[in-house]
Amino acid sequence: MFGSIDKSKGLLFCTYDLGGTITNAQNTLRQEIEQMDGNRLLNTAPADLAAHFAKKFSITAIRLLRDQWYANTTEVQVDVRYDRMRFIEDTSRPALVPGERTEVRVPFEGETDLFYSQASTFSTNPPRAMIAGNELVLRYQSPADSLQEVRPLVDQVLRDIEQYLGWQRPMIEAHNAALSGIAMQAIEQRRARLLAQSQRASALGIPIKRRDDAPKTYAVPTARRNAAPSLPHASSAAFTPEPTWAMEQYEQALKIMQDMALVMERSPTAFKSMNEEALRQHFLVQLNGQFEGKATGETFNMEGKTDILLREGDRNVFIAECKIWKGPKAFGEAIDQLLGYATWRDGKAAILVFNRGVDTSTVLTGIDATAKAHPNFKRQINWPHESGFRYVLSNKGDANREIILTVLVFHVPS
């Protein structure tokens, strides 16, 4: 990120342009995404890949560890030939007298080269110091017959350095905050080009030797409703196209379920004695009424302990579990059960939690804590809902196969 410099003169904050360094880092990030193997990129979860590049190109601001500083003083010979208070006839060679050197060392955290980087705000008189490893070194020496007081000098230099570091900090924070978005945009643009390239090749209608980095992904149709650090682990094998259920269809299915819950709340006596299976059947009827063709009773059906699912070929792209709230342990088991049926990349899933007589805040707290503690939990998605959550989980055995899990809590009469 930074170039090579001559650090022997001790002049700080004037060698690099921090703004230029940040721009170069962001451009290099984009270039690395463009140069990635196409299959490697497509086989890696985009959010994980974005997180990798954001971490790799982030800049760690310098923080002086003043509580760990220390000093030492040693006897030295001091050259006084340029001391105007002394008569030195020959200034062509050193005029040495006894004296002492005080060295103050201040440990720091962060990227060393930031000591040589100029922010957009700066002064015309930058401070001087030496950098040795992870320590800022201030050296002062004076002859024994005219010793100087060092502490005020140290305090002034450190104030100046802290000011320069403070000028850097907003630029660094803005850069780091932008990296995930920059990376995700570059990843999505390249993914779109790779997939479009594959689609154009398929449209030719003649045999073509398939390029490894040009697969095709498609969405499951419905009749009625049209991530220096190491790269995340992923295969470089040819990317296998897999269907995904469009988010619009997923959101529509969830809305149908929420509308059905309103019916339950408005007609409590009709649902008071129903168990999980009976409650599930009401959701199933509504879903089958909306999703025709692939989403008929042949697709949405009870298979084993899975309550509601949408199948494409021999795999499941949407799964919903219906569970009466019986505590965090049972909810964790419901997540395990659901993951056992999720097999496709970018799968969509839901858990419908029916709450009978338990305080709502207790149920919501239990759901959130259990989901985040699950070994397959990756991240939470911002999904404003007063009685639900949305998470991203990894599939069993493959962190790059991500499943969006929405949890909805419904109140049913007890």
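The legends below describe close-up views of a predicted model.

**View 1. Lys-329 and its surroundings in helix H8.** Lys-329 belongs to helix H8, which covers residues 328-339, and with a relative accessibility of 64% this lysine is classed as exposed, because the cut-off for that class is over 50%. Its side chain forms a polar contact, at 2.7 Å, with the side chain of Glu-333. Although Lys-329 and Gly-366 are 37 residues apart along the chain, their C-alpha atoms are separated by 9.2 Å.

**View 2. The packing of helix H8 against helix H9.** The axes of H8 and H9, the latter made up of residues 360-373, lie 9 Å apart and meet at an angle of about 50°, and the two helices are therefore oblique to each other. The crossing of H8 past H9 is right-handed. On the H8 side the contact involves Pro-328, Phe-331, Gly-332 and Ile-335, which meet Gly-366, Ile-367, Thr-370 and Ala-371 of H9. Sorted by character, the residues of this contact comprise 5 nonpolar and 3 polar ones, with no charged residue among them.

**View 3. Gln-258 in helix H5 and its contacts distant in sequence.** Gln-258 is part of helix H5, residues 247-266, and its relative accessibility of 24% places it in the partly exposed class, since that class runs between 20% and 50%. When neighbours within four places in sequence are set aside, Gln-258 is in contact with His-385, Leu-408 and Phe-410. For one of these partners, Phe-410, the C-alpha to C-alpha distance from Gln-258 is 8.2 Å, while the separation in sequence is 152 residues.

Conventions: Residues are numbered from 1 along each chain as its sequence is written. This is a predicted model: local features need pLDDT of at least 70, side-chain atom pairs count only at pLDDT 80 or more; totals for chains, interfaces and linings use all residues. Side-chain values use heavy atoms; hydrogens and water are left out. Helices (H or I, at least four residues) and strands (E, at least two) are DSSP runs, numbered from the N terminus. Buried means under 20% relative accessible area, exposed over 50%, partly exposed in between (1.4 Å probe, protein chains only). A polar contact is a pair of N or O atoms within 3.5 Å; within protein, one must be able to donate a hydrogen and the other to accept it, and residues adjacent in sequence count only if both atoms are side-chain atoms. Axes are lines fitted to C-alpha atoms, for helices over the stretch in contact, and angles run from 0 to 180 degrees between N-to-C directions. Angles under 35 degrees count as roughly parallel, over 145 as roughly antiparallel, 65 to 115 as roughly perpendicular and the rest as oblique. A crossing is left-handed if the near helix is turned anticlockwise from the far one by less than a right angle, and right-handed if clockwise. Contact means heavy atoms within 4.5 Å. Ala, Val, Leu, Ile, Met, Phe, Trp, Tyr, Cys and Pro count as nonpolar, Asp, Glu, Lys and Arg as charged, and the others, Gly among them, as polar.
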